[in-house]
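Let's take a friendly walk through a protein chain together. Have the sequence and the 3D view ready, and look for each part as it comes up.

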Amino acid sequence: MVKNSLISFIPQEEKEENWGSVEFQVFSFTNKIRRLTSHLELHKRDFLSQRGLRKILGKRQRLLAYLSKKNRVRYKKLIEQLNIREPKNR
């Protein structure tokens, strides 16, 4: 498991001020998702971690949907910075 491969595109000053912002929450969920994904590559039968990963993915998906409805420019910028593909519309 690689622990130091987390992204840090948000400056330290912004992190301390905007912990509740949608961008920061999506950023922290993305780091958790990447950490859990690398953990599950080693431990394929860790079902509790799989459940936690699914829950975090759902939370991030809901936050991204909210951000895309409220401010499309901020949403596109965040998607590009985190290198997350845009979800398909149903």
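The report below goes from the overall layout to single residues.

## The overall layout

Before anything else, keep in mind that this is a predicted model. The protein chain has four helices and zero strands, and reading along the sequence gives the pattern α-α-α-α.

How much of the chain is buried? Of the 90 residues in the protein chain, 32% are buried. You can also ask how far along the sequence the contacts reach. Taking contacts between residues at least 6 apart in sequence, 51% join residues that are at least 24 apart.

## The nonpolar core

The largest nonpolar core holds 18 residues, and the members that touch the most others are Val-26, Leu-64, Leu-78 and Leu-82. Try finding these four in the 3D view. The elements giving two or more residues to this core are α2 (22–42), α3 (47–70) and α4 (72–82).

Which helix gives the most to this core? That is α2, with eight residues.

## Two aromatic rings in α2

A pair of aromatic rings is described by the distance of the centres and the angle of the planes. In this model the count comes to one aromatic pair. Phe-24 and Phe-27 form this pair, with 6.0 Å from centre to centre and 45° between the planes. The pair is classed as tilted because its angle is neither under 30 degrees, which would count as stacked, nor over 60, which would count as edge-to-face.

Where do the two residues sit relative to each other? Phe-24 and Phe-27 are three residues apart in helix α2, so about one helical turn separates them. Are they buried or exposed? Both Phe-24 and Phe-27 are buried.

## How α3 meets α4

Now turn to α3 and α4, which pack at an angle of about 135° with their axes 6 Å apart. The two helices are therefore oblique to each other: an angle over 145 degrees would be needed to count as roughly antiparallel.

Which residues make the contact? From α3 come Leu-64, Leu-67, Ser-68 and Lys-70, and they meet Arg-72, Arg-74, Tyr-75, Leu-78 and Ile-79 of α4. Sorted by type, the residues of this contact are five nonpolar, one polar and three charged. Two names here may look familiar: Leu-64 and Leu-78 are also among the core residues that touch the most other members.

## Two residues of α2 and their partners

Gln-25 is found in helix α2. This residue is partly exposed, with a relative accessible area of 27%. Setting aside neighbours within four places in sequence, Gln-25 is in contact with Trp-19, Gly-20 and Leu-63. Gln-25 and Leu-63 are 38 residues apart in sequence, yet their C-alpha atoms are 8.1 Å apart in space.

Arg-34 is also in helix α2 and is partly exposed, with a relative accessible area of 33%. Arg-34 and Leu-53 are 19 residues apart in sequence and 9.4 Å apart in space, C-alpha to C-alpha.

## A backbone angle to notice

Most residues other than glycine have a negative phi. What is the phi of Asn-83? The angle is near 60°, a positive value in a residue other than glycine.

Asn-83 lies in the segment after α4. With a relative accessible area of 66%, Asn-83 is exposed, because a value over 50% counts as exposed.

Key. Residues are numbered from 1 along each chain as its sequence is written. This is a predicted model: local features need pLDDT of at least 70, side-chain atom pairs count only at pLDDT 80 or more; totals for chains, interfaces and linings use all residues. Side-chain values use heavy atoms; hydrogens and water are left out. A nonpolar core is a set of buried Ala, Val, Leu, Ile, Met, Phe, Trp, Tyr and Cys residues joined through side-chain atoms within 4.5 Å. Buried means under 20% relative accessible area, exposed over 50%, partly exposed in between (1.4 Å probe, protein chains only). Rings of Phe, Tyr and Trp (its six-membered ring) pair if their centres lie within 6.5 Å; planes under 30 degrees apart count as stacked, over 60 as edge-to-face and the rest as tilted. Axes are lines fitted to C-alpha atoms, for helices over the stretch in contact, and angles run from 0 to 180 degrees between N-to-C directions. Angles under 35 degrees count as roughly parallel, over 145 as roughly antiparallel, 65 to 115 as roughly perpendicular and the rest as oblique. Contact means heavy atoms within 4.5 Å. Ala, Val, Leu, Ile, Met, Phe, Trp, Tyr, Cys and Pro count as nonpolar, Asp, Glu, Lys and Arg as charged, and the others, Gly among them, as polar.
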